[in-house]
Amino acid sequence: MGIDAGVTSLVTLSTGEKVANAGHERRDRERLARVQRALSRKAKGSANRAKARARVARVHGRIADRRRDHLHQLSTRIIRENQTVVVEDLAVRNMVRNRALARAISDASWSELRRMLEYKAGWYGREVIAVDRWYPSSKTCSFCGARVEVLPLTVREWACRCGVVHDRDVNAARNILAVGLTVSACGDGVRPPRS
Ligand SMILES: [Zn+2]
């Protein structure tokens, strides 16, 4: 299975499935902002400040627990159902150029999911392959192999000249899978030239 780290969803799978972030995430974040504001209004050293600080810690803890539960369920399912899992090797430094994307990816806890996939693969005797992040997985047609030159992040769906209409993320996940299986077969890393 190929996995594309999401912008609009947590991850998109090469099967076409899109997995959303844990529910409540937005509401939790709003609540967190509220208790943090309340904390900042309390006088330093006061008993109320200590209480407010404890409240912030509780909200933080609950958000982290939910997110982790969600990632555990997802990673266990993916590893159980697949012998080979291919992920894109996303480097954080490549992401900071686009802050919205960086935020989406950190929100999505992508690195935590990947860590879980890797150690669970060890438990179940599965293989996790990371493919080079320079591979133009979004811009290559997973059906005919043609490549489009430009594909802005806002474009979520595109039509290849071969006639196939792609969901951007599903197409990327399929390409990631294809590259990963090649890597697996050759026992060697694939490093296409940087454009
Ligand atoms: Zn095509």
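I began with the helices: α1 (25–41) and α2 (47–81) each supply at least two residues of a positive patch. I note that the model is a predicted one.

**Positive patch.** I listed the residues that form this surface patch: Arg31, Arg34, Arg37, Arg41, Lys51, Arg55, Arg58 and Arg62. I then took one of them, Arg55, and located arginine 55 in helix α2. Is arginine 55 buried, exposed or partly exposed? I found a relative accessible area of 35% for arginine 55, so I entered the residue as partly exposed. Patch residues need over 30% relative accessible area, and the 35% of arginine 55 meets that cut-off.

**Sheet.** I next looked up the strand order. The five strands form an open sheet in the order β3-β2-β1-β4-β5, and the pairing is mixed. I recorded β3 (18–19) and β5 (127–131) as the edge strands, since each pairs on one side only. Within the sheet, I checked how β1 (residues 2–5) meets β4 (residues 84–88): the two strands run parallel and are joined by two bridges. Which residue of β4 does glycine 2 stand opposite? I identified that residue as valine 86.

**Tyrosine 124.** I placed tyrosine 124 in helix α5, which covers residues 110–124. Its relative accessibility is 31%, so I counted tyrosine 124 as partly exposed. I also looked up its separation from arginine 80. The two residues lie 44 residues apart in sequence, and their C-alpha atoms are 7.2 Å apart in space.

Notes
Residues numbered from 1 in each chain as written. Predicted model: local features only at pLDDT ≥ 70, side-chain atom pairs only at ≥ 80, totals over all residues. Heavy atoms only, no water. Patch = residues over 30% accessible without salt bridge, like charges linked within 9 Å, V, L, I, M, F, W, Y side chains within 5 Å. Areas by Shrake-Rupley, 256 points an atom, 1.4 Å probe, with all protein chains shown as cover. Salt bridge = Lys/Arg side-chain N within 4 Å of Asp/Glu carboxyl O. Lys, Arg positive; Asp, Glu negative; His and termini not counted. Charge placed at Lys NZ, Arg CZ, Asp CG, Glu CD. Helix = DSSP H or I, 4+ residues; strand = E, 2+ residues; numbered from the N terminus. Buried < 20%, exposed > 50% of the residue type's maximum accessible area, 1.4 Å probe, protein only. Pairing = 2+ DSSP bridges.
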